[in-house]
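Welcome, and thanks for taking a look. Please have the structure open beside the text as you read this short briefing.

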Amino acid sequence: MSKGFCLLAQNNQETDYVRQAYALALSLHKFNKNQKISLITNDIVPEEWKEAFDQIISIPWNDNAKESEWKIENRWKIYHASPYEETIVLEADMLITSDITHWWKELKKYNLFFVSNVRTYRDEIVTSRFYRQTFDANELPNLYSALHYFKKGNTAKEFYTLLEIVVNNWELFYSKYAKEKYQKWCSIDLCVAIVCKILGNEKEITNPNSYITFAHMKPQCQNWSNLPEKWTSVLGKYLRKDGTLLLGNYVQSRVLHYVEDEFLTDEIIEKLKNGK
Amino acid sequence: MSKGVVLFAQNNHTIDYIKQAIFCAKKIKKHLQLPVALITDNEDYLEKTYPYYSKYIEHVISIPWKECKQKRTFQDGAMSNRNLEWRNHDRSTVYDLTPFEETLVMDTDFIIGNNLLANAFKTQDDFLIYKTVTDLNYKRPDAEKFNSISDRSVDMFWATVFYFKKTEKMKVFFDLVEHIKSNWLYYRLVYQIPEVTYRNDFSFSIAIHIFNGHQRNPWPGILPGKLWFTTDSDILIKMDNEDYTFLLDKRNWKGHYNVGSIKDANVHIMNKFSLDRAISEVLENE
């Protein structure tokens, strides 16, 4: 069965997500040999970045996120756009910091897998519920779509078909399944949680004890007493010549969901490029 | 393999750590039945002031007196404090100075109240230390601040008491602690420590972190039992054998205290002044 990574990137006025996806692809190649990576985008990809990807795929059908800043309206299309039978989906603002090729063997046991526990940069389990208040208030499964896996087949297709409906009608579904602590914006994690709740398949699509997870760098997740607005303004980062990344003196070996674009300096991209 | 306990005692102008060490050794004899070595920069004072010391201390190891520029505030309860020299720079030399192959090192204000730490000598581990502490004042709200050496930095380990075997690995470890101490200003910045004063807890924690490849690891092992502590804002008011009674600081009501007591426990008593007063009573009849 063909296996590969899919990254969806749509630039907005503030952030060059294609650049982030390029850095992610470089980091994947650096630590994981012979992996296939496809970029799904309608944006222009500079010629020198193209070699990091096996395929550059246009967003299927029309662009549902044309008017949106956060551009999550096309996420459900990844299932349809992926050229692989088994796909690991990563959000563009992530970096790979170690060899994760063994994940394929573990993920093969699932038709669909979402991360449901995430880590701090110190590798502590994130216990803060600050960003998950709507999930808790409405008893929704604690899923993270930033890193997930699907195997093409009926289970995943059914899930993504329903996800399309929920994303396109998010206000209606929120009013039924997420009316407590109501979020006034469409969030893909919340939509995924609603789909999971409707299908009642939480036990089949996640495992909170799984080693397949990522370090989530939103400041409230870090078990800090004094909260900065941005983690990048308070935490030292060091990238060794061999590509080892340290945040706050901790070697990062998990997938890093860095969230803040300013983290991704040209220096980091250069070092990743040289290590390919 | 020879086994024993090492204590460091370096007096400043006000606090008599040597007196604390004799009391600490007395408790070690009672509960752990182990030989004690005292490392001090004032052997004369020991011999002249406490001629009976050899009942409790088998080895006295002299180190040169050095001028100390580091000061810190020592409180005697919430309402009284003094700014005094803090001589804590020699802990990293214990590898070379200990006369034992297996050594338990402890602060002189860490008072043994049971025999749990004797189990440290029964393990295969080369290094055991405490990672968590238990505040006797359960109402103190900020216990989690002790999880790491600063809000954003690495895990905290407590150099108050630790056990080590004399191995090559531990030699490298203590050399690393010495290196961190010698370059404290640099490491303080890199590890985001707001406090200026050098603390053994910090240098040990940083050395452990580096030794573990800048990651969390199960090394070193954890010492048996609990490390109870009271801060110098609390006041030890009664010591009856292994039964200690404290006035525990009500943090948001300055000068007011709750009464708390603990029995048969190993307690780090950070209020040196109240500890000194209690020890004076105990050592009166020596």
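## A predicted model, piece by piece

A:Q55 counts as partly exposed, because 16 C-beta neighbours lie inside 10 Å of this residue. Please keep in mind that the model is predicted. The notes below move from A:Q55 to the sheets of chain A, then to a helix pair, the nonpolar cores, and finally chain B and its contact with chain A.

**Around A:Q55**

- A:Q55 belongs to strand 3 of chain A, which spans residues 55–57.
- Beyond four places in sequence, the residues that A:Q55 touches are A:S38 and A:P83.
- A:P83 is 28 residues from A:Q55 in sequence, and their C-alpha atoms are 8.7 Å apart.

**The six-stranded sheet of chain A**

- Strand 3 also takes part in an open sheet of 6 strands in chain A, with the order 3-2-1-4-7-6 and mixed pairing.
- Strand 3 and strand 6 of chain A are the edge strands, each pairing on one side only.
- On average, neighbouring strands of this sheet are turned by 20° against each other, direction ignored.
- Strand 1 (residues 3–8) and strand 2 of chain A are a parallel pair with 4 bridges, and A:L8 has A:I40 in strand 2 as its bridge partner.
- Strand 7 of chain A (residues 144–151) is largely enclosed by the rest of the structure, because 7 of its 8 residues are buried.
- On one side of the pairing scheme, strand 4 (residues 86–90) of chain A runs antiparallel to strand 7 of chain A, with 5 bridges between them.
- Strand 6 (residues 112–115) of chain A is likewise antiparallel to strand 7 of chain A, and 4 bridges join the two.
- A:Y149 is a handy residue to find in strand 7 of chain A: A:I88 is bridged to A:Y149, and A:F113 stands opposite A:Y149.

**The three-stranded sheet of chain A**

- Chain A also has an open sheet of 3 strands, in the order 5-12-8, and here too the pairing is mixed.
- Its edge strands, each paired on one side only, are strand 5 (94–95) and strand 8 (214–216) of chain A.
- Strand 8 and strand 12 (residues 255–257) of chain A run parallel and share 3 bridges.
- Within that pair, A:H216 has A:H257 in strand 12 of chain A as its bridge partner.

**Helix 1, helix 10 and the loop that follows helix 1**

- Two packed helices are described by the angle between their axes and the distance between the axes.
- For helix 1 (residues 17–31) and helix 10 (residues 266–274) of chain A, the axes come within 9 Å and cross at roughly 35°.
- The crossing of helix 1 and helix 10 of chain A is left-handed.
- Helix 1 of chain A brings A:A23, A:L26, A:S27 and A:K30 to this contact, where they meet A:I268, A:I269, A:L272 and A:K273 of helix 10 of chain A.
- By type, the residues of this helix contact are 5 nonpolar, 1 polar and 2 charged.
- A:N32 sits in the loop between helix 1 and strand 2 (37–40) of chain A.
- Is A:N32 buried or partly exposed? A:N32 counts as partly exposed, because it has 17 C-beta neighbours inside 10 Å.
- Apart from residues up to four places away in sequence, A:N32 touches A:I96, A:D99, A:I100 and A:T101.
- A:N74 is 42 residues from A:N32 in sequence, with 28 Å between their C-alpha atoms.

**Nonpolar cores**

- The largest nonpolar core has 86 residues, and A:L7, A:A21, A:L24, A:C191 and A:I194 touch the most other members.
- Helix 1 of chain A supplies the largest share of this core, 9 residues.
- A:C191 is in contact with A:L163, A:V166, A:V167, A:W170 and A:C186, leaving aside neighbours within four places in sequence.
- Another core lies apart from this one and has 74 residues, including B:I28, B:I129, B:L236 and B:L275.

**Chain B and its contact with chain A**

- Strand 2 (residues 36–40) of chain B is largely enclosed by the rest of the structure, because 5 of its 5 residues are buried.
- Its two faces are both covered, with B:V36, B:L38 and B:T40 buried on one side and B:A37 and B:I39 buried on the other.
- Strand 1 (residues 3–9) of chain B runs parallel to strand 2 of chain B over 5 bridges, with B:F8 opposite B:I39.
- Where the chains meet, 12 residues of chain B are in contact with 11 residues of chain A.
- The chain B side of this contact consists of 3 nonpolar, 5 polar and 4 charged residues.

Conventions:
Residues numbered from 1 in each chain as written. Chains lettered and ligands numbered in written order. Predicted model: local features only at pLDDT ≥ 70, side-chain atom pairs only at ≥ 80, totals over all residues. Contact = placed C-beta atoms within 7 Å. Nonpolar A, V, L, I, M, F, W, Y, C, P; charged D, E, K, R; others polar. Axes fitted to C-alpha atoms, helices over the stretch in contact; angles between N-to-C directions. Left-handed = near helix turned anticlockwise from the far one by under 90°. Buried ≥ 20, exposed ≤ 12 C-beta atoms within 10 Å, placed from the backbone. Core = buried A, V, L, I, M, F, W, Y, C linked by C-beta atoms within 7 Å. Pairing = 2+ DSSP bridges.
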